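The following note sets out several points for consideration alongside the model. Each point may be checked against the coordinates shown.

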Amino acid sequence: RKLIESLTQTLSWLENNVTEALHRLPTERDFSYLEVSLFCLVEHLEFRDVLPMNDYPCLRQFADRFGERAAARRTAYRFDV
């Protein structure tokens, strides 16, 4: 319970600050560490059914947009076989 509470508080903070943080990144870039790690976090939480991201529309929208990149499509999460 304590871990989930901490995670939801962190996600709420990210939800409230992600738009501004992304706008502060340099416009001339391929991508940033922030973008890659944020994308991986959102995708991982959903993939592992840790938390649904429906309550975090800005984070979900960011991950959807970033996920359209060719590199992101080529490295989708999957269970090892």
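**Notes on the predicted model**

1. Glu35 (E35) lies in helix α2. The model is a predicted one, and the remarks below should be read accordingly. With a relative accessibility of 7%, E35 counts as buried, because the limit for that class is under 20%.

2. The surroundings of E35 deserve inspection. Leaving out residues up to four places away in sequence, E35 touches L22, L25, R29, F62 and F66. A polar atom of the E35 side chain also lies 2.7 Å from the backbone nitrogen of S32.

3. E35 is also among the residues that line the second largest pocket. The space in this pocket amounts to about 200 Å³. Its lining further includes V18, T19, L22 and H23, together with R29, C58, Q61, F62, R65 and F66.

4. Which helix gives the most to the lining of the second largest pocket? That helix is α3, with 5 residues. Both α1 and α3 supply at least two residues each to the lining. Sorted by class, the lining comprises 5 nonpolar, 3 polar and 3 charged residues.

5. The largest nonpolar core should be considered next. This core has 17 residues, and those with the most contacts inside it are L11, L38, F39, M53, L59 and F62. Two or more residues of the core come from each of α1 (2-23), α2 (33-47) and α3 (57-66). In soluble globular proteins, nonpolar side chains tend to be buried together. F62, listed here for its contacts in the core, is also a lining residue of the second largest pocket and is touched by E35.

6. M53 merits a separate remark. Neighbours within four places in sequence aside, M53 is in contact with L11, V42, L45, E46, L59 and R60. Of these partners, L11 and L59 are listed with M53 among the residues with the most contacts inside the core.

7. The backbone at D49 should be examined. D49 is found in the loop between α2 and α3, and its phi is near 55°, a positive value in a residue other than glycine. Is D49 buried or exposed? D49 is classed as exposed because its relative accessible area is 69%, and the limit for that class is over 50%.

8. K2 may be set beside E35. K2 has its place in helix α1 and is exposed, with a relative accessible area of 73%, whereas E35 is buried at 7%. The two residues are 33 residues apart along the chain, and their C-alpha atoms are separated by 27 Å.

Terms used:
Residues numbered from 1 in each chain as written. Predicted model: local features only at pLDDT ≥ 70, side-chain atom pairs only at ≥ 80, totals over all residues. Heavy atoms only, no water. Core = buried A, V, L, I, M, F, W, Y, C linked by side-chain atoms within 4.5 Å. Buried < 20%, exposed > 50% of the residue type's maximum accessible area, 1.4 Å probe, protein only. Helix = DSSP H or I, 4+ residues; strand = E, 2+ residues; numbered from the N terminus. Contact = heavy atoms within 4.5 Å. 1 Å grid on protein atoms, 1.4 Å probe; cavity = no way out; pocket = protein on both sides within 12 Å on 5 of 7 lines; lining within 4 Å. Points joined across faces, edges and corners; volume = space filled by probe spheres on them. Nonpolar A, V, L, I, M, F, W, Y, C, P; charged D, E, K, R; others polar. Polar contact = N/O pair within 3.5 Å; in protein donor to acceptor, adjacent residues only side chain to side chain.
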